[in-house]
Amino acid sequence: MSASPSHFQQKMQNPLKSLGLGKKIGDFLNNTKFLNRSLSWYLTGWRAGIFWGLVALFLPQLLSLSSNFLDPTYFAPNVLLLDAILCGIYVMLALGLNIVVGYAGLLDLGYVAFFVIGSYTVAFATSGIIRNIHSQVVTIPAISFWAAIPLAALIAGFMGVLLGAPTLRLRGDYLAIVTLGFGEIVPIVIKDVPFFYGALGFQVPPAPVINTPFGQVDFGNPLDFSAFYYLTLAVIILIVMFNILLRNSSIGRAWIAIREDELAASASGVNLVRIKLMAFGLGAAIGGIGGVFNGVMTSSISYDQFSFQVSISVLIMIVLGGIGSIPGVILGAILLRFIDVYVISTISTMLQTNIALANPANPFHFLVSFNLNTTKFLIFGLILLLMIILRPQGIVPNKRRQLELQGVGLAPEELSVVGEIEREESGASAPPDSVEGLGDI
Amino acid sequence: MAGTSKGEVLLQLKHVTKSFGGLTAVDSIDLEVRKGEIFSIIGPNGAGKTTVFNLITGIYQPTSGEIIFNGSSLKNLSPDRVLRRGIARTFQNIRLFNNMTIMENAMVGQHPFIPSDLFSVTFRLPNYRAAEKKAHNRALQLLSFFGSELVFRKEEYAANLAYAFRRRLEIVRALGSRPKLLLLDEPTAGMNDAETAEAIKYIQRLRQEFDLTILLIEHKLQVTMGISDRIAVLDYGRKIAEGLPAEIQHNDLVIEAYLGRKVEGA
Amino acid sequence: MIVLASTSSGIFIQTMVNGITLGAVYALVALGYTIVYGIVELINFAHGDVFMWSTAITLVVLNSMHVSTAVYGFTLIGLLLLMIVIGAVVSGTLNVVIERLAYRPLRKAPRLAPLIAAIGVSFILENIAELWLGASGISYPDFFPNGGIVLGDVTIQYIDVVVVVLTVGLMYGLNMLVRSTKMGKAMRATAQDPEAAALMGVDINQTISFAFLVGGVLAGVAGVFYSLVIPVYAYNVGFELGLIAFTAAVLGGIGNITGAMAGGFLIGVIKALATNYLPNGSDLSDAVVFAILVLVLALRPSGLLGQQVPDKV
């Protein structure tokens with residue numbers, strides 16, 4: 001039974017919707033000016049692309065300038081760069097999951113599994129060390145970091161296909177729960193199955209030094225992460241290009257088709273299992289690449305770093321930024337990392353060190369002991385829920401997705417959210433009231 | 001008319017039955033559609049007409065019986081494989097990709113002819129680019145079958161189209177796969193008289209210009225009697241009559257099962 | 001209150017008994033998935049957390065009543081009933097409110113949207129509980145007396161009997177409700193074809209709310225039972241238990257009430273056996289359950305008791 005949306009003709013009032021968040025975000029983006037341009041100007045179009053490209057390109061230099069106005073004991077440029085790299089890893093994950101969720105419309109709730117696989121692949125393959133059933137160290141032939149990247153992508157992609165093959169012929173929501181289970185099981189397996197001995201953790205060798213005509217480049221230098229930063233950036237750019245090439249192709253068309261109406265897609269010649277498997281495998285492979293960078297960057301990995309929360313965080317990044325939109329998911333990843341790493345801990349520190357609050361007579365004294373980190377996932381959950389209900393198209397919507405998600409029950413005027421975005425992307429008028437075919441994803 | 005009684009059999013249903021749990025939706029149906037025919041299936045609501053379409057196109061598998069197309073069995077073929085064999089269809093409740101442009105809808109229909117392996121696509125290999133270009137041109141050609149409107153509006157989202165044009169775009173999508181047999185599920189449902197008259201004309205044109213065999217489900221007698229070479233009547237999942245339009249019109253069983261009820265309901 | 005026997009056959013039977021008791025809990029939770037899925041075709045990811053909130057609230061109520069040891073006689077019956085009612089009210093209300101706030105506005109949206117919303121709700125419920133009662137486990141006031149029927153090597157605890165009997169009773173009641181009452185008919189009609197049901201005068205919103213209410217109530221009762229069998233509260237118990245119960249629902253054929261019961265008991269037994277007989281069983285039994293889920297979905301997605309139904313085309 002496909003839930004054709006015309007079932008529910010009566011207008012539904014949603015108490016949450018009266019907050020008008022969807023419209024507020026759009027207004028905020030359009031009306032807030034920075035250097036004479038609205039925020040939406042900075043988020044869409046080729047000019048924004050060039051602007052942010054330049055920022056990314058000169059980020060290490062910009063950060064070293066930051067010590068002029070930020071206290072380097074808290075904000076050392078190299079540490080900030082490390083944050084940027086970790087953020088970049090999440091950008092990779094978000095771009096990978098976006099293929100699965102955004103393009104093909106499949107819900108993968110265990111994306112962390114492929115992240116794990118990538119991390120462990122680089123650990124085993126570049127150190128050449130595994131453990132046998134008696135927890136003794138065994139050496140295997142080691143390969144270089146450069147070879148580990150495609151290897152991890154292959155293994156993760158293969159695991160994705162292996163998991164997807166039996167489950168992708170099922171309806172989408174079953175896939176969600178199977179992937180959720182898979183994401184839970186992989187860390188358990190790593191912990192308990194001999195060979196991995198995940199409970200003990202693994203050391204990952206640092207990224208290598210290479211010789212170029214211009215001198216040595218040390219990708220693993222912990223005192224200067226710039227080389228590794230540029231490597232991360234280059235990989236992200238490659239992934240973005242890959243995403244764009246896929247999106248604007250016969251494969252991309254087939255993905256949109258299955259997302260909208262599987263049956264009609266199938267009747268138009270799209271092999272459902274193959275095209276879904278492709279999305280799932282590619283998403284998994286990119287997750288594996290993210291895992292490689294994560295393994296090298298965190299240098300010591302253990303099973304407990306890979307929780308369900310990671311999978312969901314990546315999903316939240318996508319929903320926050322805009323499902324299916326490349327600038328959107330990049331923004332979502334950066335924003336959520338920023339909230340995670342800076343906003344939440346800064347507020348906690350402020351509360352704990354505030355002199356007025358330290359006075360026991362202050363009615364808000366209890367806030368001193370309030371550690372926002374424990375509420376982090378509550379905040380994340382709220383972001384996810386509010387976004388999907390009030391602004392399902394995300395901050396920087398993908399045009400097509402915005403149309404699809406119109407079925408969510410926003411009035412058309414509420415949806416002409418980011419005026420400038422609309423104008424830039426040839427404003428097709430809103431579709432008629434009929435939202436046929438939107439019921440199935 | 002072409003192939004009224006003789007001619008090569010293109011599609012054959014042999015004792016095809018489909019049951020869901022305890023309900024038998026299609027009960028041991030035999031059907032032969034010949035090359036070049038316009039063959040109509042009529043019957044009251046719930047008679048199993050759309051189920052027959054779903055069985056032919058691989059959306060359902062028959063509980064028993066066999067479907068043979070162009071000499072080979074369609075057993076266990078998924079809808080996309082059936083399409084590749086040369087059977088395309090439209091849907092009763094128009095299942096366009098609303099959030100794709102008109103052009104993209106027409107291109108999706110040609111999916112089987114465009115390489116979709118990762119390698120060709122990522123590196124935009126010559127074979128891929130050539131196929132895309134060819135598909136684009138063919139899409140324009142197919143869209144222009146229905147005049148200039150769809151061509152002019154090709155970059156608009158399909159959701160923006162008026163009802164009659166949505167039906168036409170669905171036919172364009174189906175034609176993209178270069179079918180031998182086209183199944184039209186109530187192609188004039190929801191259309192006014194003028195639009196219906198036009199639909200009758202283009203269905204006949206379709207057969208001529210694309211060398212098609214057409215199987216259609218239709219409620220409007222004006223349509224079925226006007227363009228069908230032969231008609232089969234279903235009731236409660238069984239075939240109760242088959243013949244030339246004139247024969248069907250005077251068949252007592254049919255009048256009782258279908259026409260009579262239809263008049264009451266109308 | 002899991003008891004282990006000494007002989008190998010005794011251990012086996014004891015494991016089965018323990019499995020059946022937990023299976024009853026899984027079955028009750030599985031019913032919530034099945035009923036809701038049957039009507040709105042949504043996997044309510046937050047269902048496990050709705051269950052958890054019953055354990056949390058009853059824990060706090062028991063603590064505020066200063067119950068810490070076993071009680072007997074009418075006090076026991078009264079307390080048990082009170083907790084069941086509280087758990088049912090908490091979870092039932094919670095489930096209805098969730099549907100109203102989070103799922104209803106997304107009913108017309110693409111399938112992905114309500115699923116994602118459900119994840120968000122699950123996250124929120126879990127983390128509020130963590131904020132409130134902390135991240136570490138809290139022992140649940142075990143007010144049900146120890147002791148049971150001793151059959152040679154095997155002990156069937158009284159609580160096991162109570163849980164299984166009440167569960168079966170509840171399921172019988174649910175079956176009656178769905179089969180014979182007006183609301184039950186409305187539920188079945190809505191499950192089959194919401195549009196037609198609406199045309200026939202069924203209040204769709206009310207019916208869906210009712211389904212969430214029933215699912216929540218059952219989860220609430222299950223929360224009390226679970227806490228009496230495994231008397232430790234944990235804020236994240238709902239996640240794992242939800243996954244197990246969902247597997248039970250799929251195993252029995254999602255949307256099928258009898259199937260969910262059978263699936264619950266079956267999964268309970270399988271999980272208990274895996275826990276007992278596999279190395280690192282308490283961790284790996286989850287992997288076993290997951291493997292069952294994948295196998296059933298791959299080989300027989302309609303479940304053991306489910307039947308093929310036509311998709312609307």
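**Contact between chains A and B**

I looked up the contact between chain A and chain B in this predicted model, and I noted that it takes 30 residues from chain A and 31 residues from chain B. On the chain B side, I found that helix H2 (79-85), helix H3 (102-108) and helix H4 (118-122) each supply at least two residues of the part that touches chain A. H2(B) gives the largest share of that side, with four residues. I then sorted the residues of chain B that touch chain A by character, and they divide into 14 nonpolar, ten polar and seven charged.

**Helix H9 of chain C**

I turned next to helix H9 of chain C, which covers residues 237-252 and has 16 residues. From its first C-alpha to its last, H9(C) reaches 23 Å, which I entered as close to the 22 Å expected at 1.5 Å a residue. I also checked burial, taking a residue as buried if 20 or more other C-beta atoms lie within 10 Å of its own. By that count 15 of the 16 residues of H9(C) are buried, so the helix is largely enclosed by the rest of the structure. After H9(C) comes Gly253(C), and I noted that its phi is positive, near 95°.

**Chain A as a whole**

For chain A, I recorded a secondary structure of 19 helices and eight strands. The chain has 441 residues, of which buried residues make up 49%. I last looked at how far apart in sequence the contacting residues of chain A lie: among contacts between residues at least 6 apart, 74% join residues at least 24 apart.

Notes
Residues numbered from 1 in each chain as written. Chains lettered and ligands numbered in written order. Predicted model: local features only at pLDDT ≥ 70, side-chain atom pairs only at ≥ 80, totals over all residues. Contact = placed C-beta atoms within 7 Å. Nonpolar A, V, L, I, M, F, W, Y, C, P; charged D, E, K, R; others polar. Expected span 1.5 Å × (residues − 1). Buried ≥ 20, exposed ≤ 12 C-beta atoms within 10 Å, placed from the backbone.
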